[in-house]
Amino acid sequence: TDLTHIRNFSIVAHIDHGKSTLADRLIQATNTVPDRDMKEQLLDAMDIERERGITIKANTVRIEYDALDGQHYVLNLIDTPGHVDFAYEVSRSMRAVEGSLLVVDSTQGVEAQTLANVYQAIDADHELIPVFNKIDLPASDIDRVAEQVEDVIGIDASGAIPVSAKTGEGIRDVLESIIANLPPPEGNRDAPLKAMLVDSWYDAYLGVIVLVRIKDGVLKKGDRVRFMQNGTVHQVDRIGVFKPSMQTVDDLGPGEIGFLTASIKQVRDTRVGDTITHEKKPCDGPLPGFKPSQPVVFCGLFPVDSAEFEDLRDAIDKLALNDASFSYEMETSAALGFGFRCGFLGLLHLEVIRDRIEREYDIELITTAPSVIYHVFMKDGTKIDLHNPADMPDLTHVDHVEEPRIKATILVPDEFLGDVLKLCQDRRGIQEDLTYAGSRAMVVYDLPLNEVVFDFYDRLKSVTKGYASFDYQLTGYRQDNLVKMQILVNEEPVDALSMMVHRDRAEMRGRAMCEKLKDLIPRHMFKIPIQAAIGGKVIARETLAALRKDVTAKCYGGDATRKRKLLDKQKAGKKKMRQFGKVDIPQEAFISALKMD
Ligand code: GDP
Ligand code: MG
């Protein structure tokens, strides 16, 4: 296709503002998919995404559009994930296109991810078309949203398009605005091939599928291509486009977005951001690459039933095939046996992987306390990257510890501001900025990532009744007074419950943990001390009294079947416990004990 008749764009929005629904309408309005095959959230491929209503991977679709100017256009749309953990995916999708539709729910207004997306779009030198969605709802207020977009974001809202992605109203205007206001791609058909590797994933039949954006040159089936970063050469066995199902094409030229397959076995062999060129006639140099996405949150995953370790390995191997941002290595815990130490982009990512293992592979898991990467500086001058609090060296050898910090942006209605400030303060935050936009406040905090990974987002939602939105960026490392707190149950340290804490907050956290565990651990025949300790010094203690709960006591002898049933029930309950020395600790204790109220 002639470059002037191509438009490439992404859709960005705060979660639930209607990105996927708008994508559906664009696909439908252009008859890309026959009506009978149309279903909601067409691009959200994975089941779990559908259920949770989130898009994780970016999805691509090629749309053909006959515009009012009588010309035929090819539009390539990339639908991006809306959650903060996947900001990285958004930024790389943006590098593959020239403009974005910025969807804002006109009943809600600008939210934290709206802002984050705009900053990324500006970084990528994008044209932005504001789209005000959900105008079919009575609460829709376009003037107010336009004012917010201009005040808070500082972009011109005069060209904003009011739409209802639900009813289809305004969809034509969106398509026409894309043609009129987004720049066509640039590129040279006669130059050597230069293509950007935008994304890749594993398909059981085709092997690795590589999403590419052609900058210069032409890619054809049968070509031998080189992936410039790792130097590997592959023979292309298939190229095509997404409509949104895969359709093979003869070639892909400048400005086009499509896929290639080349019998590649592992997603890990395809580095996102890499440049692909011809083996024989290479381009002068690679495109500026992306930084690879780095896991920031780590936790241990152990099977509840230790006989399922091999099944867990299998499940993790398979999931990692398709998710290069998820890292793992084997871990052994004195308390939990064999498992894996896994790294994630954020908490949602962690939850998604954990859910998939439990659901798709039917393995019950114990998840240990999520932790960030600490930099531990030793007295002998060496430095350790600490991924697991259990590996924290003895304090006498440690000079100092640094922890990762974030810049958090929170948008919240006035009435909840006090609660939000308190929450950030409680989590060792330092306020950096506080501004108002209408009846809403925008606060910026410098916070330790460690204080955010566990339940900050849940807490934020609950203190603001769901009205706050939140986004963060990692900023760097800073030294603080950080120590490892151990939990001892019946005098035995439970390594899976070890955590790094700030010294000033250790007593409080320790006490809370002991109290929680006292409620969560069932009574045994003997008395069980539950202690929190720092370097051998006990800082909090609870005692669980001895008492055997005799579940059959109330059956007064007689009814044998009832007794049987009760005993079976107790046995089933037992299966979800792990033994620590002589003590059974239920699975939920590991997560619940860490939650702060
Ligand atoms: P995303 O998270 O940005 O992809 O948002 P979705 O497209 O999944 O939409 C979130 C919710 O808003 C869904 O329940 C949609 O049905 C609903 N929704 C999206 N667009 C509209 C609209 O124009 N009008 C109304 N009434 N609901 C909408
Ligand atoms: Mg979506």
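Contact here means heavy atoms within 4.5 Å. With that in hand, here's a quick tour of this predicted model. The chain has 14 helices and 33 strands, and 55% of its 597 residues are buried. We'll start with one asparagine, move on to the ligand, then look at the aromatic rings and a few backbone oddities.

**The chain overall**

- Take the contacts between residues at least 6 apart in sequence: 69% of them join residues at least 24 apart.
- About 26600 Å² of the chain is exposed, and carbon and sulfur atoms supply 48% of that area.

**Asn-76 and its surroundings**

- Asn-76 sits in strand β3, which covers residues 72–79.
- Asn-76 counts as buried because its relative accessibility is 0%, and the cut-off for buried is under 20%.
- Setting aside neighbours within four places in sequence, Asn-76 is in contact with Ile-6, Arg-7, Asn-8 and Phe-9, with Val-61 and Arg-62, and with Gly-255, Glu-256 and Ile-257.
- Asn-8 turns up again in a polar contact: its side chain and that of Asn-76 are joined at 2.8 Å.

**Around ligand 1**

- Ligand 1 is surrounded by 16 residues, and the closest are Asp-16, Lys-19, Ser-20, Thr-21 and Asp-136.
- Sorted by type, the shell around ligand 1 has eight polar, five charged and three nonpolar residues.
- Helix α1 (residues 19–29) gives the most to this shell, with three residues.
- Asp-136 has a polar side-chain atom 2.7 Å from a nitrogen atom of ligand 1.
- Lys-134 also uses its side chain, where an N or O atom lies 3.0 Å from an oxygen atom of ligand 1.
- With Lys-166 it's the backbone instead: a polar backbone atom there is 3.1 Å from an oxygen atom of the ligand.
- Taken alone, ligand 1 exposes 580 Å², and the protein buries 80% of that.

**Aromatic rings**

- Searching the whole structure turns up 11 aromatic pairs.
- One of them is Phe-416 with Tyr-467, a stacked pair at 6.1 Å centre to centre with 15 degrees between the planes.
- That pair links distant parts of the chain, 51 residues apart: Phe-416 is in the loop between β23 (398–413) and α9 (417–426), while Tyr-467 is in the loop between α11 (456–463) and β26 (469–480).
- Phe-416 is buried, with a relative accessible area of 8%, whereas Tyr-467 is partly exposed at 47%.
- Tyr-457 and Phe-470 make a tilted pair, 5.8 Å centre to centre and with 35 degrees between the planes.
- Tyr-457 belongs to helix α11 and Phe-470 to strand β26, so this pair ties together parts that are 13 residues apart in sequence.
- Here too the two rings' residues fall into separate burial classes: Tyr-457 is partly exposed at 24% relative accessibility, and Phe-470 is buried at 3%.
- There's also an aromatic cluster, formed by Phe-309, Phe-326, Tyr-328, Phe-338, Phe-340 and Phe-344.

**Backbone points to check on screen**

- The peptide bond from Lys-243 to Pro-244 is cis, with omega near -15 degrees.
- Pro-244 lies in the loop between β12 (238–242) and β13 (246–248).
- Lys-134, already met beside ligand 1, has a positive phi, near 65 degrees, though the residue is not a glycine.
- The loop that holds Lys-134 runs between β5 (127–133) and α5 (142–153).
- Lys-134 counts as partly exposed because its relative accessibility is 21%, and partly exposed runs from 20% to 50%.
- Asn-490 is another non-glycine residue with a positive phi, about 55 degrees.
- You'll find Asn-490 in the loop between β27 (482–489) and β28 (492–493).
- Asn-490 counts as buried because its relative accessible area is 18%, with under 20% as the cut-off.

Terms used
Residues are numbered from 1 along each chain as its sequence is written. Chains are lettered from A and ligands numbered from 1 in the order in which they are written. This is a predicted model: local features need pLDDT of at least 70, side-chain atom pairs count only at pLDDT 80 or more; totals for chains, interfaces and linings use all residues. Side-chain values use heavy atoms; hydrogens and water are left out. Helices (H or I, at least four residues) and strands (E, at least two) are DSSP runs, numbered from the N terminus. Buried means under 20% relative accessible area, exposed over 50%, partly exposed in between (1.4 Å probe, protein chains only). A polar contact is a pair of N or O atoms within 3.5 Å; within protein, one must be able to donate a hydrogen and the other to accept it, and residues adjacent in sequence count only if both atoms are side-chain atoms. Accessible areas come from the Shrake-Rupley method with a 1.4 Å probe; for residues, only the protein chains shown count as cover. A residue is near a molecule or strand if one of its heavy atoms lies within 4 Å of it. Ala, Val, Leu, Ile, Met, Phe, Trp, Tyr, Cys and Pro count as nonpolar, Asp, Glu, Lys and Arg as charged, and the others, Gly among them, as polar. Rings of Phe, Tyr and Trp (its six-membered ring) pair if their centres lie within 6.5 Å; planes under 30 degrees apart count as stacked, over 60 as edge-to-face and the rest as tilted.
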